[in-house]
Amino acid sequence: MTIPIPAEDPRHVPNRALIDPSAITENTRAMGTLLEEQTALMAVVKADGYGHGMLTAARAAVEGGATWLGVAHPASALALARAGLDAQILTWLFEPHTARIVLPEVIGHGVEVSVGSPQMLALVAEAAREADRRARVHLKIDTGMGRGGVLPWQVREMGATMGEDDFLRLAGAWTHLTSADDPEDPATDQQVELFDSACEALAEEAGPIPLQHLANSAATLTRPDLHRDLVRPGIALYGCPPVPTDVPLRPALTLTSRLAMVKDVPEGHSIGYGRMRTTSRATRLGLVPIGYADGLHRAASDRCDVLVRTEHGDRRAPQVGRISMDQIVIDLGPDSEARAGDEVFLFGDAGGDPNGPSAPTAEDWARAAGTIPYEVLTSVSGRVSRKVLS
Ligand SMILES: Cc1ncc(COP(=O)(O)O)c(C=O)c1O
C-alpha cells in the first residue's frame, strides 16, 4: 500500500513569494506611457506569469492598460480565455499532439494563434474546422532567432495557403528579437530589415497585414521605431528592466523566509558542503530554511546578500558557503541583534525604511548565479507558497 505524502501546510514553512499585483499594474501603465496611441500593449504572462501567477499577472496588467495577453502554451491561453478578461489572447507554441487536443477549443474561444511552419498552419486549419470558427493567425517569421517561425522566403506560400482557406485569416505578422537588450548590437536592425521585407512580400500575396509586432521589453524601452501596432513586454512588467531606463519599474515578486536559528562560531569555522567558506573572524551565523529546491540558484552560492529585518532595523547579510537543497547560511556579523524568527528577504521589495538598506534584486541573484532575472523569477518552486498582496 502506498501512503500519500500530505501536502505541505504553508503555515509550517516560512517561505513565501509575495506577489504585488499593483506593481504589475503600475509597471504596465508606465510602459504604456512610451507608446503612441495606435500601439497596443500585449502583456506576456507565459510561464505562469513569469512565476507571479498567470491570472494574477494578467488581471493586473489588464488593469494597467494591456489589451492583449500573450502565452506560449494553448492550455494557458484557454485558462485566460475562461477567466473572461477583457483582452485579446495570443498563443504561439504547440506540437501536433497538443494541438489536436486543445486547439479547437482555443480557437472556439476566439484566441488568436501563431503559426511558424506549414505544418502548424495545417493543424490550425484542421482545428478551426473542428471548432467551426475561422482562426485568426499571426505568422511568425524567423529573422534570426532560429526557433519557431517560417523563413522569410516562405511567407508567400504561407500567405497563399491562408488566402485559399476560408477557415484561416491573417491577423498579424511577427518576429522575436535576439539581442534587443544590447542596443548597440546590429543584429536588431538586421532582423528588422528581414522582417520588413518579409512583411512586404506577405502583403503582396495576402493583402494588408492587420498587426505587426516585434518589440519585447528591451525594444519597447529603447526602440520607439519598432513599436509598430503592438508591443510584447514581459520582464519589464514584473519590475526587472532589461536595459537601463528612467521608466519607473518596481519588483512585483518578493521572496521571503525567516531565520531558523542563529549561532556564534569562532574564526576558522567551515560552512557548508565542500567547506566553500571558512569564517575569517568570530561571527554570528544565521540559518535560513530556503535552498535550491525552493528556487535559489546553487551557482549563486557565496555570492549574494539577503536583507534581514531585526527588531533593531534592517541589515544586509552575505549568504555564505554552498547553497543547500533546503537551507542557506548567512553571516549576520559578530554584533548582530538578529534572532530566530526574524524575517529574511531574499530579493524583491522589502518596503521598510526608504533610507535603510534595500533587499537584493532578482537581477543581483541572476548576476551571482551567472543567469538572467527571468530564470530567477521562474525558478521559485512550487513548494514556495504564493501570497497575493491586496
Ligand atoms: C515571443 C515572445 N515575445 C515577447 C516576450 C517578452 O520578452 P521580455 O520578457 O524580454 O520582454 C517573450 C519572452 O521571452 C517571448 O517569448
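**Exercise 1. Polar contacts of the ligand**

Task: In this predicted model, which side chains and which backbone place an N or O atom at polar-contact distance from a ligand oxygen?

Solution:
- Step 1. Start with Lys46. An N or O atom of the Lys46 side chain lies 2.9 Å from an oxygen atom of the ligand.
- Step 2. Turn to Ser217. Here the side chain brings an N or O atom to 2.5 Å from a ligand oxygen.
- Step 3. Check the backbone. A polar backbone atom of Ile235 is 2.8 Å from an oxygen atom of the ligand.
- Step 4. Apply the cut-off. A polar contact needs a pair of N or O atoms within 3.5 Å.
- Step 5. Add the area. Alone, the ligand exposes 390 Å², and the protein buries 93% of it.

**Exercise 2. The ligand's surroundings**

Task: Where does the ligand sit, and how do the residues of its shell divide?

Solution:
- Step 1. Locate the site. The largest pocket holds the ligand.
- Step 2. List the neighbours. Around the ligand are 14 residues, of which Tyr50, Ser217, Gly234, Ile235 and Tyr374 come nearest.
- Step 3. Sort the shell. Seven residues are nonpolar, four polar and three charged.

**Exercise 3. Cysteines**

Task: How many disulfides does the structure hold, and why is Cys304 not bonded to Cys240?

Solution:
- Step 1. Count. There are zero disulfides.
- Step 2. Take Cys304. Its closest cysteine sulfur, in Cys240, is 13 Å from its own, so the distance is too far for a bond.
- Step 3. Check burial. Cys304 counts as buried because its relative accessibility is 6%. Cys199, at 4%, also counts as buried.

Conventions: Residues are numbered from 1 along each chain as its sequence is written. This is a predicted model: local features need pLDDT of at least 70, side-chain atom pairs count only at pLDDT 80 or more; totals for chains, interfaces and linings use all residues. Side-chain values use heavy atoms; hydrogens and water are left out. A residue is near a molecule or strand if one of its heavy atoms lies within 4 Å of it. A polar contact is a pair of N or O atoms within 3.5 Å; within protein, one must be able to donate a hydrogen and the other to accept it, and residues adjacent in sequence count only if both atoms are side-chain atoms. Accessible areas come from the Shrake-Rupley method with a 1.4 Å probe; for residues, only the protein chains shown count as cover. On a 1 Å grid over the protein atoms alone, a cavity is a set of points where a 1.4 Å probe fits but cannot get out, and a pocket is an open set with protein on both sides within 12 Å along at least five of seven lines; lining residues have an atom within 4 Å of a point. A molecule sits in a cavity or pocket if more than half of its atoms lie within 2 Å of its grid points. Ala, Val, Leu, Ile, Met, Phe, Trp, Tyr, Cys and Pro count as nonpolar, Asp, Glu, Lys and Arg as charged, and the others, Gly among them, as polar. A disulfide is a pair of cysteine sulfur atoms within 2.5 Å. Buried means under 20% relative accessible area, exposed over 50%, partly exposed in between (1.4 Å probe, protein chains only).
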